[in-house]
Structures are given as C-alpha cells and as structure tokens.
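Notebook open, viewer loaded. I want to jot down what I look up as I go, chain by chain.

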Amino acid sequence: MDEWKPNPAVKPHKKRSWYLAWKYKLMNQRALRKLCQTGAVLFLLVTVIVNIKLILDTRRAAYEEEEESAQDYDDEMLNVEVPRHPVNNKKVLDVEVYSSRSKVYVAVDGTTVLEDEAREQGRGIHVIVLNQATGHVMAKRVFDTYSPHEDEAMVLFLNMVARGRILIFTIKDEGSFHLKETAKNVLKSLGSQVAPFLSWRDMWTFVGKKGGEVYGEKHAKSPALSTWGDPVLLKTEVHLTSVEDAECHWPDTELNRRRKRFCSKVEGYGSVCSCKDPTPIEFNPDPLKDNKVFDVPVAVIAGNRPNYLYRMLRSLLSAQGVNPQMITVFIDGYYEEPMDVVELFGLSGIQHTPISIKNARVSQHYKASLTATFNLFPDAKFAVVLEEDLDISVDFFSFLSQSIHLLEEDESLYCISAWNDQGYEHTAEDPSLLYRVETMPGLGWVLRKSLYKDELEPKWPTPEKLWDWDMWMRMPEQRKGRECIIPDISRSYHFGIVGLNMNGYFHEAYFKKHKFNTVPNVQLKNVESLRKDNYETEIHRLLGEAEVLDHSKNPCEDSFVPDTEGKVYVMFIRMEQEADFTTWTQLAKCLHIWDLDVRGNHKGLWRLFRKKNHFLVVGVPASPYSSKKPSSVTPIYMEPPAKEEGAAAEPAVAAAEQT
Amino acid sequence: MQKINRNVVLALLSLTSLVFLLFQLCYYKFYLSQKNGAAFSKVRGSQSGQDSTRWHVVRKFLGLISSHNIPVYLIDPLILGLVDKDIDQIRSSPDGPSPECKYFCAPRDFTTFALLDKTWKHEVGLFRTAEKMGFQWLKIINKDPRLDGMDDLSGMEIPLHYIFKLASHAIHLVVFYERSGNFLWHGPLRLKQHMDRKFVPFRKLHFGRYPGAYEKPDLLLVSIDDLKVQIPKNPSSFLEEMSHSRFLECRYREARAFFQLYPDDASLDAVEFRKKAKSLLHLAALTLNNLGVKFWLSSGTCLGWYRQCNIIPHSKDVDLGIFIRDYKAEIIPAFQKAGLPLKHKFGKVEDSLELSFLGDDVKLDIFFFYEEDDHIWNGGTQAKSGKKFKYLFPKFTLCWTEFVELKVHVPCETLQYVEANYGPEWKVPVKMWDWKSSPANVQDNGVWPVDEWDDVIQIY
C-alpha cells in the first residue's frame, strides 16, 4: 500500500501527512478533484469489467473441459448400476422354513428363496445352502428320497458342501421312504435330532451349520399311513460370520481369484472349492502336433444344468489340443450358475433369451448359437458343436485334426461326428477305425460353415414349428444324400440323465453302456479310404474277405458268431426296399443296440463288432452290396413283435438322444 | 466535514477496488499458468522435458506389452504422418540409430496403438504390471456388436478401448475385432456414468468418436527413434483409410421390431432369392473393389439394410450407387468378365447413366449419381418412350457397414436418403413398386432427343 501513489502529481508537504495535503488540494482545486472522482469511477468500471471477463473466462474454460470429456462420448444408455444387495452390516438372518404335503417354502430375511407348490412335482427333501457370511443362496437341490438311490445323491451332495455353510432342509410330500441309514446318519451328524426317526409322510424342517451349531428343527409326525403330518413352520435366526472366515486362503493368483469368486457364490462342486487341496481349474493338456483344428471355434450348447456343464468343460479342457480361446458356451436362458461355471474356467459365455418352448426352444437356441459362433469367428470354416452333457475324449481334437480335411474336400460329406450310435461296449472295438453313415448322430460334431450359412441357416425351422433341430437336420431335404464320418469307438460320452428327452430309464437302456475312447493319441487308420469312392472300394474289399455266417442259426444267439477274434463276418437280412428296416430293428433290439430309429447305415450296410470280430449286416435286396450274397443263402427275416408292444415303443422314437 | 467524508469514502473505494483488481489479475494469471502447466494443455512450442516424457512413456508402454507378448501396432495419425514423409529411409534402414527424437517426441497428448483382439488372451496380468510401472489405466467396454444382430443373445461385454496414462502423456490402445465381412472393426468410445470424464481429454482422441471399419493391414516392423514398433506397411494409405472409416451398425433392434410387425418371408423362393442376391452382391463388390470404384447400397438394397438388416426378398434386384466422378470405362468389361452380361445401358456419362447387369436370375442395377451444389441426383430412362426421370437426394457422405457378410458403403445420412427415395412411409413394405412413379423424389426430366436414342438406350 505504501508504494501506491494515487496521484503522482501531488507531492505531499514534508510536515504534513499526505492525507492532509490531498485534502487541501482537493478543497482548493476543483478541477483536480473532479478528475480524481472520475478516475475512481473509471477504476471501478474497469474492475467490474475485468471481473466479468474473469468470470466468463473461467466459466467457459470449465465448461469446455466438461464438454470435451463428455460430449460425443457419453453412453446413450445410462447404465445406472443399482447395487443388488444393499450393504448392511446386519449380522443376523431371519430364516423361515415351511414343510407340508403340497407346499414348501424358504424365506431368508423376508425374501423367498424357495417356493414350490406345484402338483406332482418337487417331492422329497429340498436342501438349500447359504453362504455363512453373506447369506446368499449358493445351491438349491431337491432329492426325491421317496425313490431309490436319491438318498445316495443327497449324501454325495452334502459331503461336497464346505464346512461352515448354512444348510436348510425341508420335506415336501414324502421324503423318508428310501431314506437309508447312511443318509440318516449324515443328517444326524449335521445335528438333527429327528432325522434318525423320520418316517412315512412326516413333515420336517431343519436349519444348521455344517460342522457347527443347529439353528432350529421342527417335525410333525404323520398320525396314520394314509395321512400326512401337519404342516410345520420353523422360524429361526442365523448369525453371520465375517467374510474372512467364510473364505479359503489360497495364494493370490489370477486362477485363485476366479476360484474364490466361484466358491463364494455356489456350492456343490466338491474339491474345486476345497481350502486345503483344491482341484485344478487349468489343465494344460499336451498340445497336438500339427493341429488342424486349433483355430476351429467350439460352441458348447448349454441349458441350466451347471453341474453337467462343469463336468463337461473339465473333460473338454483336458483334451489334447484344446484351444480355450476358441470355446464359447451358449446358455439358453439367463441362468447365473452356468455362467459362474463358465467364468470359473475363464471361458466366454453367452446367454440367450429363451424363444418358444420345448424342442423349438432348443432348436432356436441352436440356431442362435451357431450364427453367433460364425459371427464371432468370421475366419472359421468349421465349428465344433458340443452339448453340456457330454464327456469329451482325450483324443477328441486329435480325431478331428486327422479327419477334418475330408469335410473340407469331400462334397458328399455332411458332418464329422464323435458319436457312433451303435458303438456299445459289446459292439465297438477299434479306436482307429472310421465309418461313413447316412444318419447324423450329433453329440459332438463338426459343421461346415458353408453348409450352415448357405443351406441350413436361411431355412432353419421357425420358432412356431415345434421341431427337434437334429431330426430336422436328418430329413432328406436337408441331408441331400450326404453322409457323416464317425469313429467306431465314440469320442464323446453322453452322461446326462435329466434332460428334455431324457430320463434315468432311457439313459440306462441306451447310453450307459456306450463305449468311450480313453486312449490318447490314437492314429486313425487309412483316413483316405473314407472318401466317397474309396469307401466303396474298401467295402467291396471287406465283403470279399468276409466269411458268411451260418444263416440257419438265430442271429440273436451268442453262438451265431464263432468264438474267434479279428475276423470279418457278414450276414444278410431281408430288406425289401430302402426304407424297410423291419428285420434290422428286430436285430438291433436283440443285440441291445440303438433300435428306436435306424442309425449307422450306409447303403443298406451296418458295420459293428461282435466278440471282437468285425460284423457286417447287409440288407437284401435293397442294398447294392446284395450281389455279394451267395445264392445259397436266404436272407434272415425277423418278425416284428405284436402290435401293442410296437405302439408302446412309438413315443420313445421321438426321444432322440439330443437333450 | 461532509465533503471530507465523501472524498474519504471515494478514495477508500478506489483503493479497495484497485487492490481487488490487482488481486484478480494475479489470480487470473495464476489460473492460466496452472492450466498451461497441467497435464494436458494445448502444448505451444516444445519444451524438451515434455518431448522426452512422451518418448519415455511410449518406450515404457512398448516394454509393457512386449513383456506380455501382445502384438500392437502404431496407428497414431500424427506420428504416421511424420513417418510417412521419411518412409523410404525408414524402410531401408530398419535398425539404424536415429540422431534425434523426431517422431515420438512430437508434441501431442496421446499416442495411439491398435491391438487385434484375437491375438491376445485378455490376461489380467498386463494391468497389474502396468500399475507397477506407474501407469493409470482405463478400460472402456461395451456390447459385442457381433452378437447384436442376433435374437436376444447377450454375451459378456468386450473391451473396445484402453487408455494408459503416465505423467503427462497417455497411450490410447484401440481394440480391433474381426467382423464377418472380412474386415476389422473398432468400437466407439462411450463413457459410462461412473467413469472419470477428466481422465484424459477424450475429445482429442483420434479414434472413438465413431466406430470404424478397416481392412486388415499389412504390418512392417521398423525402428524409429530407437524404438522397435510395428506400423502399417503403407502409412499414407492407412491415413487415407482412416479419414473415412466411419462405420454404421445395422439397426438390429428396429429390424427385429419390423419383423414382429411383418414376419419374414421364409418361403423357399425367398430363401433362394436371398442366396442369389447375396452372391451377386458379393461378386459385384469384388469386381468394383478390384477396379477401385467406390460404390454404395442404393434404392431397395439400401432400404433392406436400413429397415430389416437383410435383403428384401420381393425386391427382385440388387441396386448400387456410384458417383459419376468415379466412373471408369472398365466397369462394363469387368462385369462381363465376372460372368455378368450387360442387360441394358441408359444415358451417357454426362447425363443419367444407368447400367444393368444380369446375374443368376437376379438383376444388378448400377445408378450413377451426379453432384450439384445442394443436392445429388441420378437419372432414369424409359426405354420405349425415351422419357427421362430424375431422382433427387439431399447431399450425403459415405459410411461403412456390414451387410450379408460384406463390408460395404451406405449413405451415412441413411434416413434422409431412404426417405427421399421412399417417402415417410418407407417402414411399410410395398410389393407393387413402379420406378417411374412410386419414388417420392422422382421428377420428369424431359425426353432424350431421338437421334441420341441409339446411344442412350441400349438393350441387350
């Protein structure tokens, strides 16, 4: 302030302060005073102007910056992420469990996590696993312990659940009929007082921590055989532990972080979540030399069977020559758990909003998955199509790598499939042998892009047509006389027993005894002989070499084929025209192979093994190979069984193995 | 006394205002200097410290990605522009030490690199290493457009852009994806709500305002400013490609809504026609691309793309547009060589040129477009009467899109284009279409002089 001189012209007198001098001057010189006043006003004005400019400048700069970062770059859709589970530090969960004849429900903190009042469904013991730190539902299962063997499954499941988890049990309808001692003991070891005495049509609820406290148990005895126990409602409180305690302390790696995420969400996958010795989730199988299918995308078609998917992906990722980057899992529906499994293995997964119902839904899911696969991998000429209920052979990719050039070069081929419909334990023998067949087996197969894009995709059955995609693909309009290549011993194994067209009985009868290759690095034999013309030469050679069996014997009898090994035998059956499979179906039935529709034929010829001998069946006179029949031999004819049995088998025909 | 007071007040006021003014000036100056000194300012002139920072950041980044075996290539337009000037020298001496930092020290806020999605495995390790090296990073993810066209598939969101920031420089890593038309695509850069809008001045990024489509580039490993880096083999053509790389995604959601209203024709005829039209379009695209003639989807084919993301099965032909300035005399022989005989030729290069070729049952119409000051038009000719027609369009530019597994051009301003041609009712399918009267933008344009008929109306 000292150096500020308002008016340099004014020189203060020595003995007066500058103020007085100024005052004096001002009073005396009016003009100067006026000047000063104007000057001051000017100053004020300038200040105001500079001020305004400053404000404007700052504002503009700030605005520009805001705009710079924002304009054009804002997501049009405001992804406001609402936290799904509001953070609350509540340490106690209110749990309500209801058990009755026709309805069960479980509510955790007022949220219903299980409700089942459907008729004729959900019978047995319902089990829910909660995370002891967060209270989230980690697994939901129902074991129909009214039926046999379900209690074993329940024991298996309960053993897999990690210590410390909260278990909730409730019975719907009946859960004790086939609840054996072992299972009862397991329940008792969880702290249940009632379990050992559970009996016919009792109602029961139980909440406890695995390996720890019991939070509550209620039971209502059935007064008589014909009536049910009274409904029971158990209300209890569960004390949550800290997250730290609920987690394992694995070394901090990328893999373990995936594992941790998975294990804190779901239960029932056994040792993958074991704290001490978790099973690996990365497999690093040996790479294949000269792998022709390394860049072929693999589409895994899945529904809501996460345990199946888990098993399937394990076997797939363990197969030699697998390329995890090419794998995409397509999940039919917005199911979380299958997605969790996919993420556990570090694969990519895609969810599909369900369209249509039942078979048509599967069919639409297939279409969307195939189209997406070729979109995601625009360079691919092929795609491998797998389903979630298949085990994949260790040499699956090796098998494809050795045969895929045929699909590229031979126009008469429709697909390569890893599955031999007729390849049962007792009818398949040679892992290096391939066949050409007129039916499309599916269950792990390779699709040519041009076939899909040019032929199948444009006319794929629309959602309102309730068709099976595989049945549709087998129709002559689509197949156009082309054939598939299959191995004698399947490179996939169908383990699914619950599915759209599947049940335990059906699986036991047709899939359980299927042969599955476990030998690595099988060198396929004479792959070139699978080309269209070469194959005919090969068949003629085989038939020329084959010994004609004694046609007077019963072909169903074991003695029909001599007790030799490594020989080639041929038999002739009656087959009036191309579509006459009467005798074949009967033969297939007594040989205990696939008999629900005709599979595995090539121009009226079937190839399989019996007693380690190659066994050829030729349909006469429809097959072009009929000429090989010695004139002395009368083709065998087998009568179809009486009408009603045939009718009973009819619905099962529709139940193809795709599920 | 009163007077003194007034004067005192006045003086005090002036004093305060002056002090205030001084303070404000100081503040203003301080504010400006702060802005200038901040991480991302308009760099005026070059300070050597800043220069070497950029080089160091790039070097560190290249070290980071090579330690994770991730192949990236340089697509920064600024640096590629500089490189292009010396391209021969750089090509001839791939390992020569450079005396001065010429390229990577050039003043700029970003250095842009490209990454092919399929060449890396999305390891999380990269980002941890980056953090250890001092990088701050931002990942921009969004929906996978390759699944967008599908009925209700929802995949995981895919990474489209990464930004690595260190000191005053940032690396923009653009992720490229392969698409069905055998081309590379990069996504737009859109910030979600919770994202830091000030992480970098996004507006100055060279990539990300729009999605883009590129050919798969040939790469060249060069050493510039003592750094080994991959660049497009031909930087100038890359820069040229970049200048009009804008990509439009088909409006899949609207297309789905359209099919809800008007179910798709799934008859065998329709399937067959689509197949033929698709292969005709592929053949035409191949032929024109080989000639280097730029073309776009026009008329019904464009409408099919815009309205239903597919070929309209009852349209019976494939329509393409070409600017008359791109006309080449080789077009006709090239098509004939490709197995598409000329069906008719109307007009002449100076006026209303239109070519028709005959494919397998499907006709290929090529319309030539004439640019005026405020509009663009193409012509039509009625063979029997020699009448001329004119179809007017508002001015448009060209964008890339993907259509029936093909990378093709469409007018960027597609809605105006389609509306000009088909009127506001373009959303409603019309089976009866008269090219002389139905279009909304048709005008009579006189009659060809009879003596020119032999030339301007040729039918084969």
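I started with contacts in chain A between residues at least 6 apart in sequence: 71% of them join residues at least 24 apart. Worth noting up front that this is a predicted model.

Next I pulled the secondary structure of chain A, which comes to 17 helices and 24 strands. I also checked burial, and 52% of the 659 residues of chain A count as buried.

**Domains of chain A**

I looked up the domain assignment and got three entries for chain A: domain 1 covers 92-245, domain 2 covers 298-527 and domain 3 covers 531-628. Then I took the centres over C-alpha atoms, and those of domain 1 and domain 3 of chain A sit 54 Å apart.

**Val137(A)**

I picked one residue to follow. Val137(A) belongs to strand β5 of chain A, which spans residues 137-143. Is Val137(A) buried or exposed? Neither label fits: its relative accessibility is 30%, so I logged Val137(A) as partly exposed.

I then listed what Val137(A) touches, skipping residues up to four places away in sequence. The list reads Val113(A), Ile128(A), Val129(A), Leu130(A) and Lys265(A). I also ran a C-alpha to C-alpha distance from Val137(A) to Glu267(A) and got 8.9 Å, although the two are 130 residues apart in sequence.

**Domains of chain B**

Over to chain B, where the assignment gives domain 1 (53-245) and domain 2 (252-459). Their centres, again over C-alpha atoms, are separated by 37 Å. I checked who takes part in the contact: 15 residues come from domain 1 of chain B and seven residues from domain 2 of chain B.

**A helix pair in chain B**

Last item: helix α10 (residues 299-308) and helix α12 (residues 414-422), both of chain B. How do they pack, I wondered, and at what angle? I got about 130°, with the axes 10 Å apart. Oblique covers angles that are neither over 145 nor within 65 to 115 nor under 35 degrees, so α10(B) goes down as oblique to α12(B). The crossing of α10(B) past α12(B) is left-handed.

I wrote out the residues that meet. From α10(B) they are Ser299(B), Gly300(B), Cys302(B), Leu303(B), Trp305(B) and Tyr306(B). On the α12(B) side I have Thr414(B), Leu415(B), Tyr417(B), Val418(B), Asn421(B) and Tyr422(B). Sorted by class, the contact of α10(B) with α12(B) holds eight nonpolar and four polar residues, and no charged ones.

Key. Residues numbered from 1 in each chain as written. Chains lettered and ligands numbered in written order. Predicted model: local features only at pLDDT ≥ 70, side-chain atom pairs only at ≥ 80, totals over all residues. Heavy atoms only, no water. Domains from an automatic or database assignment. Axes fitted to C-alpha atoms, helices over the stretch in contact; angles between N-to-C directions. Helix = DSSP H or I, 4+ residues; strand = E, 2+ residues; numbered from the N terminus. Left-handed = near helix turned anticlockwise from the far one by under 90°. Contact = heavy atoms within 4.5 Å. Nonpolar A, V, L, I, M, F, W, Y, C, P; charged D, E, K, R; others polar. Buried < 20%, exposed > 50% of the residue type's maximum accessible area, 1.4 Å probe, protein only.
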